[in-house]
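Please read the following account with the sequence and the coordinates side by side. It moves from the overall layout to the sheets, then to the core, and ends with some local details of the backbone.

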Amino acid sequence: MNITRAISSSFALGPATIAALVLLASASASAQSAEPAHVAIVGADYAFVQLPATLAPGPTLFSFENRGTKRHEMSIVLLNPRVAPDTLLASKPGSLTGRAVSDSIIGLLLARPGERGGGQLYANLISGRTYVVICTLKDSPDARPHVELGMVGTFRVR
Ligand SMILES: [Cu+2]
């Protein structure tokens, strides 16, 4: 239908038609409001600061801010449901991104010291699942990875 025609004919038809058109417009606006949730993750030397314990399911965009003095990453993996989150840190941290611990790697963001990563990480969070947030970087080739220094955490999806 031609929009201009619809609007001009609605003026001819009276206020009831105009009200119907307004209702139609607001209905389509709410249908488009399936905006992803935004979650800001902050990293420091060597921890994720105030990582949320629980998040809502559905489309989510993560951002990452590095408040430390070293280069950090924020990797997110979907925890294998057979692995208890409590036993996670007792397991070899180097293997957290391996298939035995994580069902899939969602992705990662990188940020230099004192900066925000320029991009965002999209995840469609699954209800009832736990996700692991880690930094696997090292300050030097011989140094321990940040995950072993405490840069690891989890959140559960409601
Ligand atoms: Cu790090």
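Gln50 has 10 C-beta neighbours inside 10 Å and therefore counts as exposed. The residue is placed in the loop between E2 and strand E3 (54-55), and its phi is near 50 degrees, a positive value in a residue other than glycine. Before that local detail is set in its surroundings, it should be said that this is a predicted model, and that confidence varies along the chain: the average pLDDT is 84, and 76% of the residues score at least 70. Over residues 6-11 the pLDDT stays under 50, and the model has 4 contacts beyond four places in sequence for this stretch. Over residues 21-31 the pLDDT is likewise below 50, and the stretch has 1 contact in the model beyond near neighbours in sequence.

The chain contains 2 helices and 9 strands, and from the N terminus on the elements run α-α-β-β-β-β-β-β-β-β-β. Of its 158 residues, 22% count as buried. Among contacts between residues at least 6 apart in sequence, 67% join residues at least 24 apart.

One open sheet has 4 strands in the order E2-E1-E4-E7, with mixed pairing. Its edge strands are E2 and strand E7 (121-125), each of which pairs on one side only, and neighbouring strands of this sheet are turned by 35 degrees against each other on average, direction ignored. Within the sheet, E4 and E7 pair in the antiparallel sense over 5 bridges, and Pro59 stands opposite Asn124 in E7.

Another open sheet has 5 strands, arranged in the order E3-E9-E8-E5-E6 and again with mixed pairing. Here the edge strands are E3 and E6, each pairing on one side only. E5 runs antiparallel to E6, to which 8 bridges join it, and in E6 the bridge partner of Glu73 is Leu110. E5 also runs antiparallel to E8, with 4 bridges between them; in E8, Ile134 is the bridge partner of Ser75, while Val133 stands opposite Ile76. How far is E5 enclosed by the rest of the structure? Of its 8 residues 6 are buried, so E5 is largely enclosed.

The two sheets can now be considered together with the nonpolar residues. In soluble globular proteins, nonpolar side chains tend to be buried together. In this model the largest nonpolar core has 23 residues, and Met74, Val132, Val133 and Ile134 are the members that touch the most others. Strand E4 (58-66), strand E5 (72-79), strand E6 (102-111), strand E8 (130-134) and strand E9 (152-157) each supply at least two residues of this core.

Which residues does Val133 touch, if those up to four places away in sequence are not counted? They are Ile41, Phe48, Leu51, Met74, Ile76, Gly153 and Thr154. Among these contacts is Ile76, the residue that stands opposite Val133 across the pairing with E8, and Met74, which is itself one of the core members touching the most others.

A second residue from which to view these surroundings is Phe64, which is found in strand E4. Is Phe64 buried or exposed? Phe64 has 28 other C-beta atoms within 10 Å and is therefore buried. Not counting residues up to four places away in sequence, Phe64 touches Ile41, Gly43, Met74, Leu109, Ala111, Arg116 and Gly117. Met74 and Ile41 thus appear in the list for Phe64 and also in the list for Val133. Along the chain, Phe64 and Leu108 are 44 residues apart, yet their C-alpha atoms are separated by 9.4 Å.

One further backbone detail belongs to the part of the chain that precedes Gln50. A cis peptide bond, with omega about -5 degrees, joins Asp45 and Tyr46, and Tyr46 is found in the loop between strand E1 (37-44) and strand E2 (47-49). On the other side of E2, the loop that leads to strand E3 (54-55) holds Gln50, the residue with the positive phi with which this account began.

Note on methods
Residues are numbered from 1 along each chain as its sequence is written. This is a predicted model: local features need pLDDT of at least 70, side-chain atom pairs count only at pLDDT 80 or more; totals for chains, interfaces and linings use all residues. A nonpolar core is a set of buried Ala, Val, Leu, Ile, Met, Phe, Trp, Tyr and Cys residues joined through C-beta atoms within 7 Å. A residue is buried if 20 or more other C-beta atoms lie within 10 Å of its own, exposed if 12 or fewer, and partly exposed in between; C-beta atoms are placed from the backbone. Two residues are in contact if their C-beta atoms, placed from the backbone, lie within 7 Å. Two strands pair if DSSP finds at least two bridges between them. Axes are lines fitted to C-alpha atoms, for helices over the stretch in contact, and angles run from 0 to 180 degrees between N-to-C directions. pLDDT is the predictor's confidence in each residue, from 0 to 100.
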